[in-house]
Amino acid sequence: MNILKIAGKFLDQPVLVAKFQKTVPYILTGGAGIYTYNEVKNAPQNKKQKTAIRLGTTMAFTVASAIAAPKITDKLFRAEKNFDKDILKNKILSPKKIKRLYETMDRDSFNKLIPEPENITSKEIFSEIGRLSLFGLIPVIGGITGGILGDKLAKENSKEKLADKIKEGAYQYLANIFLCNIGAGAALGIMEKLNIRSKTPRALAMIGGIITTGVIGGSAIANIIGEKIINPIFKSKAEFTPRHPEALDIGLHTDDIATVAVMSGLKWIEPALPLMYAVSGYRAGIGYRNSKEKCNEM
């Protein structure tokens with residue numbers, strides 16, 4: 001049993017996944033609180049109160065929606081958590097213990113203890129794309145809602161700011177979430193048609209699909225929607241500035257790698273999705289548009 005196999009089995013232990021899932025809301029809430037505190041602390045004295053109101057409200061809605069997203073999607077898509085209650089009572093196994101059990105137990109018994117990742121079938125692809133896309137949409141909507149309410153409470157709402165939030169929300173969702181899921185799902189569908197079952201080629205194909213439809217196509221489509229639809233609807237007088245990918249946007253595509261892992265059957269990745277999607281929700285909530293100065297004015 002090689003090191004990667006041991007690491008995969010260690011991380012995919014049902015008891016470990018369940019514990020991680022329970023800690024994510026605390027990590028998310030604590031991180032949001034620290035970030036908001038630092039932003040308020042560094043704001044000019046005459047803007048501290050409004051900054052606290054705007055960011056606090058935006059963060060509260062973003063975090064709440066990100067925490068609720070797994071429960072909502074599980075309910076709508078009837079996802080079942082196949083955690084054995086007896087296994088959950090056990091202690092987390094160390095990598096050394098896992099290796100020893102692998103060498104001494106028969107494979108069926110060992111895989112009952114820590115199930116093998118399962119490839120989703122062609123029939124499950126569209127359902128999984130829909131589930132993960134809704135999962136990512138909820139925090140984006142939550143962030144926009146919190147941002148709008150925060151502006152109103154701070155009495156700094158305007159058509160331009162509202163338009164920026166909707167445009168950034170469209171960018172985050174299309175470029176960083178939805179179209180990436182479509183690309184991964186389409187590539188996975190092709191692999192299924194070709195009857196390619198090996199996980200490495202399937203994962204590489206999904207990453208290729210993500211780059212083609214999300215990273216490249218999603219940004220262009222979101223900018224077209226922002227310029228041709230969103231700006232005219234809100235009658236924004238501000239000159240349209242295309243949203244360009246930045247370092248953090250590229251970093252956000254780690255959630256696409258997580259999508260590949262989820263579609264490949266790795267269970268330990270999914271509890272981390274709220275942490276990743278919350279960043280997209282927050283950026284939509286502040287209406288981020290490639291300008292640090294403008295972002296701070298929001």
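What follows walks through the fold, the nonpolar cores, a surface patch and the confidence of a predicted model.

Start with the overall layout. The protein is built from 13 helices and has zero strands, so in sequence order the pattern is simply α repeated, α-α-α-α-α-α-α-α-α-α-α-α-α. Of its 298 residues, 44% count as buried. Contacts reach a long way along the chain: taking those between residues at least 6 apart in sequence, 82% link residues at least 24 apart. On the outside, the protein exposes about 15,700 Å², with carbon and sulfur atoms supplying 63% of that area.

Now for the inside. The largest nonpolar core holds 26 residues, and Leu-188, Met-206, Met-263 and Leu-273 have the most contacts within it. Two or more residues each come from helix H7 (122–153), helix H8 (159–193), helix H9 (199–234), helix H11 (254–263) and helix H12 (273–285). H7 gives the largest share, at seven residues. Met-206 offers a handy view of the packing here: leaving aside residues up to four places away in sequence, Met-206 touches Ala-184, Ala-187, Leu-188, Val-260, Met-263 and Ser-264. Two of these partners, Leu-188 and Met-263, are themselves on the list of residues with the most contacts inside the core. Another core, of 10 residues, lies apart from this one and includes Leu-28, Leu-55, Ala-278 and Tyr-288.

Not every nonpolar side chain is tucked away. Phe-61, Leu-149 and Leu-153 make a nonpolar surface patch of about 240 Å². Of these, Leu-149 sits in helix H7, the helix that also gives the main core its largest share. Leu-149 counts as partly exposed because its relative accessibility is 32%, which falls between the 20% limit for buried and the 50% limit for exposed.

How far does the predictor's confidence carry, and where is it lowest and highest? The average pLDDT is 82, and 86% of the residues score at least 70. By element, helix H3 (residues 48–76) comes out highest, with a mean of 94, while helix H13 (residues 292–297) comes out lowest, at 46. Over residues 83–87 the pLDDT is below 50, and this stretch has nine contacts in the model beyond near neighbours in sequence. Residues 293–298 also stay under 50, and the model has 13 contacts for them beyond four places in sequence.

Conventions: Residues numbered from 1 in each chain as written. Predicted model: local features only at pLDDT ≥ 70, side-chain atom pairs only at ≥ 80, totals over all residues. Heavy atoms only, no water. Helix = DSSP H or I, 4+ residues; strand = E, 2+ residues; numbered from the N terminus. Buried < 20%, exposed > 50% of the residue type's maximum accessible area, 1.4 Å probe, protein only. Contact = heavy atoms within 4.5 Å. Areas by Shrake-Rupley, 256 points an atom, 1.4 Å probe, with all protein chains shown as cover. Core = buried A, V, L, I, M, F, W, Y, C linked by side-chain atoms within 4.5 Å. Patch = residues over 30% accessible without salt bridge, like charges linked within 9 Å, V, L, I, M, F, W, Y side chains within 5 Å. Salt bridge = Lys/Arg side-chain N within 4 Å of Asp/Glu carboxyl O. pLDDT = per-residue confidence, 0-100.
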